[in-house]
Amino acid sequence: MQPRNVWQAMSRPGYPLSAWPWRSAAYLFTGALVGVVVLVGLVLSAVVGGVLVLALVGLPLLLGTVLAGVPVAALERYRLRLVDAEPAPDPHETPRETGLRAWLSTRLRERATWRELGHALLFAGLLWPVDALAFAVFLLGPLSVVATPLLLAVLGEAKVLKVWLVTTWPAAVGCALLGLVLLAVGAWLLGVVAGARAGLTRLLLAPREADLDARVVELARSRVRLVDAFEAERRRIERDLHDGAQQRLVALTMTLGLARLDAPPGPLADQLAKAHQEAGTALAELRELIHGIHPKVLADFGLEAAVADAADRSAVPVDVDLELPGRLSPAVEAAAYFVVCEALANVGRHSGASRAEVSGGHRDGRLLLRIRDDGRGGARAGDGSGLTGLADRVSVLDGRLSLSSPPGGPTLLRVEIPCDPAS
């Protein structure tokens, strides 16, 4: 696998002979050039803008000084590719409106803009001299030592690093060999300095939290897409079962019933009666399955009617006190309905309660549901109660589920799902 950055390249044995030392040198050399330009530009804009600010002519220059970090940061993120192939995301937001005013307003409110201005000042005042010094010491110095024989052949003498005078060929060859050693050592030092500079640049201009924020947003969007896809698939399955398999079972039941009436008494009639009974049982189970996937009352009349219907079918008497401003989104209604159904089923199976209550409503942009029973209590998630699955279903919609069930009761299941009434 090819190394992604200079640090990974330096961990490989063939680093000095690879292109990475030269990429590091190019990164430092271009950094020195860009730093000089940034320094000159910042000084000129600040001085000229300060002189002309009283006449209001220098305000654009001062504003340009504040925003100077934006193009510098964009260039630095581009230069990072020399020593770090990992993409550096742009932390800036896209303005909601078009035009220069909206762009300026958005940029001046962002923390990234001021962080980039601080980077530009640090770059102009400190970082580019470090780049230039590292480039000169770790590359130009060893190269000048390697070139000692060439200088001796051209000039008749060579002064190594402006210190040692070389006039003989054995000394020149020895200097060239020493220069090769220094060049190999300098390749490592160039990589260290370039890697450190790239790490500092990434920390200031492309922080990991910006990338994490983008990933969180994308995960939230993908979760919404998955929920919508699940709802669409559920509706398709419900439609196919209702219009396909259920109708065929109805036709089969009718056919068996007619055959049973026409058959004379005897073993054949008994078998037809049994088949007719089994077909009726299968039809009833299929209808119950369709109702469990997504009851028609929920689709037609909303959550309040569906919860009331579930309460009527509960094995334990249930009081319903649910007030909603209207229909909610289909995903929220489906999740809330199945939470209520599962909770009431748990009450009937495990709690020993004599009565239960479902209450709640829509407040402050959240759907609140409370399912309470007067049973023995002691319910815990992970004990076969299905609470873990309910919590997962609610969390998909960024909701929360909490349980209070002390020994001896009562048990209170509380659900909160952020949502707005459907338009």
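Is Phe-338 buried or exposed? In this predicted model, Phe-338 is buried, with a relative accessible area of 18%. The value lies under the 20% limit for burial, and Phe-338 is therefore classed as buried. The ring of Phe-338 pairs with that of Tyr-337 in an edge-to-face arrangement, with 5.3 Å between the centres and 70 degrees between the planes. An angle over 60 degrees counts as edge-to-face, which is why the pair is described in this way. Tyr-337 is buried as well, with a relative accessible area of 2%.

The count of aromatic pairs comes to three. One of them joins Phe-29 and Phe-135, whose ring centres are 5.1 Å apart and whose planes meet at 40 degrees, a tilted geometry. This pair links distant parts of the chain, since Phe-29 belongs to helix H2 (residues 20-52) and Phe-135 to helix H6 (residues 111-146), with the two positions 106 residues apart. The two rings are classed separately by accessibility: Phe-29 is partly exposed at 39%, whereas Phe-135 is buried at 15%. Helix H2, which spans residues 20-52, also covers the positions of a contact between a charge and a ring. There, the charged end of Arg-23 sits over the ring of Trp-20, at 4.1 Å from the ring centre.Nonpolar side chains tend to be buried together in soluble globular proteins. The largest nonpolar core of the model holds 37 residues, and the members that touch the most others are Leu-303, Leu-367, Leu-369 and Ile-371. At least two residues of this core come from each of helices H12 (303-312), H13 (330-351) and H14 (387-395), and from each of strands E3 (318-323), E4 (356-363), E5 (366-373) and E7 (411-418). Helix H13 gives the most, with 12 residues. Beyond its neighbours within four places in sequence, Leu-303 is in contact with Leu-298, Leu-322, Leu-324, Glu-333, Ala-336, Tyr-337 and Leu-367. Another core, of 18 residues, lies apart from the largest one and includes Met-10, Tyr-27, Leu-139 and Ala-187.

The disulfide count is zero. Of the cysteines, Cys-175 is buried, at 15% relative accessibility. Cys-341 is partly exposed, at 22% relative accessibility.

Key
Residues numbered from 1 in each chain as written. Predicted model: local features only at pLDDT ≥ 70, side-chain atom pairs only at ≥ 80, totals over all residues. Heavy atoms only, no water. Phe/Tyr/Trp six-rings, centres within 6.5 Å; stacked < 30°, edge-to-face > 60°. Helix = DSSP H or I, 4+ residues; strand = E, 2+ residues; numbered from the N terminus. Buried < 20%, exposed > 50% of the residue type's maximum accessible area, 1.4 Å probe, protein only. Lys NZ or Arg CZ within 6 Å of the ring centre and 35° of its normal. Core = buried A, V, L, I, M, F, W, Y, C linked by side-chain atoms within 4.5 Å. Contact = heavy atoms within 4.5 Å. Disulfide = S-S within 2.5 Å.
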